[in-house]
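Work through these exercises with the model open beside you. Try each task before you read its solution.

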Amino acid sequence: QGMEGVRLVFLVSRTVTEDDQNSLSDEHDSHGDIVQSSLPDGHRQLGYKILTGYVWVFRNCPHARAVAKTDDNVFLDMASLVKSLLERKISTNSIIFGSGPPHRNMATLRSARPHMLGNWSV
């Protein structure tokens, strides 16, 4: 179910198998909503994949007034987001970022050991 004036795309990394790539191509042919980077999937490549998405938006959606990025484990209330954006006067070339821990009052995890404790660790 689409919303007028909103384009939803799925940003994915390169596939591992030819079968997966064929399935992804079929999905894109059916819905036209796949943006695929040439990067391998993985946590260490995530920043580059996100940057690839922003570059794609810059090149393919020159009239976009706003861009939102979320993840598959996050619920984004599109109706509320669109309503809020329409109510605000957003100047051309303005940048608004929002980020934070996954839960209110959740401390950042810190460790002296050189291994990851999760997405929110330093």
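Helices here are DSSP runs of at least four residues, numbered from the N terminus. The model is predicted.

**Exercise 1. Find the salt bridge and place it in the fold.**

Task: Which side chains meet in a salt bridge, and where do they lie?

Solution.
- Step 1. Count first. The structure holds one salt bridge.
- Step 2. Name the partners. The side chains of Glu87 and Lys83 meet, at 3.6 Å from N to O. The cut-off is 4 Å, so the pair qualifies.
- Step 3. Place them. Both Glu87 and Lys83 lie in helix H3, residues 78–87. They are four residues apart, about one turn of the helix.
- Step 4. Check the surroundings. Exposed means over 50% relative accessible area. Glu87 has 57%, so Glu87 is exposed. Lys83 has 53%, so Lys83 is exposed.

**Exercise 2. Examine a lysine without a salt bridge.**

Task: Is Lys49 buried or exposed, and which side chain of opposite charge is nearest?

Solution.
- Step 1. Locate Lys49. It sits in helix H2, residues 46–60.
- Step 2. Judge its setting. Lys49 is buried, yet it has no salt bridge.
- Step 3. Look for the opposite charge. The nearest such side chain is Asp41, 4.2 Å away. A salt bridge needs a distance within 4 Å, so this pair does not count.
- Step 4. List the contacts. Leaving aside neighbours within four places in sequence, Lys49 is in contact with Leu11, Val12, Ser13, Ser37, Leu39 and Asp41.

**Exercise 3. Follow one of those contacts.**

Task: Where is Ser13 found, and what does Ser13 touch?

Solution.
- Step 1. Locate Ser13. It is in the loop between strand S1 (10–12) and helix H1 (18–31).
- Step 2. Classify it. Buried means under 20% relative accessible area. Ser13 has 8%, so it counts as buried.
- Step 3. Read its contacts. Residues up to four places away in sequence are not counted. Ser13 then touches Gln36, Ser37, Leu39, Pro40, Asp41 and Lys49.
- Step 4. Compare with Lys49. Ser37, Leu39 and Asp41 appear in both contact lists.

**Exercise 4. Test the length of a helix.**

Task: What span should H1 have, and how far apart are its end C-alpha atoms?

Solution.
- Step 1. Take the rule. The expected span is 1.5 Å times one less than the number of residues.
- Step 2. Apply it. H1 has 14 residues, so it should span 20 Å.
- Step 3. Compare. The end C-alpha atoms are 20 Å apart, which agrees.
- Step 4. Look just past the end. Gly32, just after H1, takes a positive phi of about 65°.

**Exercise 5. Describe a surface patch.**

Task: Which residues form a nonpolar patch on the surface?

Solution.
- Step 1. Name the members. They are Leu51, Tyr54, Val55 and Val67.
- Step 2. Give the area. Together they have about 350 Å² of accessible area.
- Step 3. Take one member. Tyr54 is in helix H2. At 38% relative accessibility, Tyr54 counts as partly exposed.

**Exercise 6. Step back to the whole protein.**

Task: How many helices and strands are there, and what pattern do they follow?

Solution.
- Step 1. Count the elements. There are three helices and two strands.
- Step 2. Read along the sequence. The pattern is β-α-β-α-α.
- Step 3. Add the burial. Of the 122 residues, 9% count as buried.
- Step 4. Add the surface. Its accessible area comes to about 10,800 Å², and 53% of that belongs to carbon and sulfur atoms.

Definitions and conventions:
Residues numbered from 1 in each chain as written. Predicted model: local features only at pLDDT ≥ 70, side-chain atom pairs only at ≥ 80, totals over all residues. Heavy atoms only, no water. Buried < 20%, exposed > 50% of the residue type's maximum accessible area, 1.4 Å probe, protein only. Lys, Arg positive; Asp, Glu negative; His and termini not counted. Contact = heavy atoms within 4.5 Å. Areas by Shrake-Rupley, 256 points an atom, 1.4 Å probe, with all protein chains shown as cover. Patch = residues over 30% accessible without salt bridge, like charges linked within 9 Å, V, L, I, M, F, W, Y side chains within 5 Å.
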